[in-house]
Amino acid sequence: SNPLSSIKMASQLLSKSKTGDQELLEIIQTECARIEKIIKLISKTTEKITLRNKSKENIHEILRYSIFKIQNKKKKIRVIEKFDPSLPKINLEKNSMIQVSDNLIINAYEASSFEDKSYLLIETKFTFGETIKIPNIKKNKKNNFLNEKIEDNGSGINEKEVNKIFLPFYSSKKRGTGIGLYLVKRIINLHSGEVVLERSINKTSFTIKLPL
């Protein structure tokens, strides 16, 4: 519901009340807080993200930082790390990539049913891209990629949500803002990469491909 219409209704009822209903006052305060939050979120989606502080980083350190956060939560889940030790350091903006890994790993954790079979897989690998022939240059350019996959066997994403999950303000969570995956896609695009959702009956995975 529109928070402005809720405030308007509550204030009208309050003006008619001689005693001053505490519940109505609480509605007004809650809805005002909602407006503030929405305005902040809108500014976050429209602000220009710039990658000013790129540096050579170890992607595994960034991922382990996010993994550490979920391992300290009350509910425990089996985390499987399949890291490619041959991966070189990659030029990226560290803070924004922490935001990406935090979002995907925490989303996967929250989707879990926390049963004995529940797991969270984080996998990285080095892949050779296609050889590209550049006009007027004798040498062919090889594009190599860092692939990062975050997979879980939790509640999954239904078919209706697949085409909406990267849109701003779309969320299937009760308290979700719908900003997380939208920002993930923006940040990865700014790193000249791509993020792909794959799903089957038993698992959901997000794969990030970043050029090396």
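Here is a short walk through helix 4, the core around it and its partner, helix 5.

This is a predicted model, where local features need pLDDT of at least 70, side-chain atom pairs count only at pLDDT 80 or more, and totals for chains, interfaces and linings use all residues. Residues are numbered from 1 along each chain as its sequence is written, and side-chain values use heavy atoms, with hydrogens and water left out.

Let's start with helix 4, residues 94-110. Helices here are DSSP runs of H or I with at least four residues, strands are E runs of at least two, and both are numbered from the N terminus. The end C-alpha atoms of helix 4 are 24 Å apart. Its buried residues (under 20% relative accessible area, 1.4 Å probe, protein chains only) include Met97, Val100, Leu104 and Tyr109.

Now for the core. The largest nonpolar core (buried Ala, Val, Leu, Ile, Met, Phe, Trp, Tyr and Cys joined through side-chain atoms within 4.5 Å) has 32 residues, and Met97, Val100 and Leu104 are among those with the most contacts inside it. Helix 4 gives the most to this core, with seven residues.

What does helix 4 meet in helix 5? Counting heavy atoms within 4.5 Å as contact, residues of helix 4 including Met97, Val100 and Leu104 meet Gly180, Leu181, Leu183, Val184, Ile187 and Ile188 in helix 5. Of these, Leu181, Leu183, Val184, Ile187 and Ile188 are buried. The axes, lines fitted to C-alpha atoms over the stretch in contact, with angles from 0 to 180 degrees between N-to-C directions, come within 9 Å and cross at roughly 140°. Just after helix 5, Ser192 takes a positive phi of about 60°.

Definitions and conventions
Expected span 1.5 Å × (residues − 1). Buried < 20%, exposed > 50% of the residue type's maximum accessible area, 1.4 Å probe, protein only.
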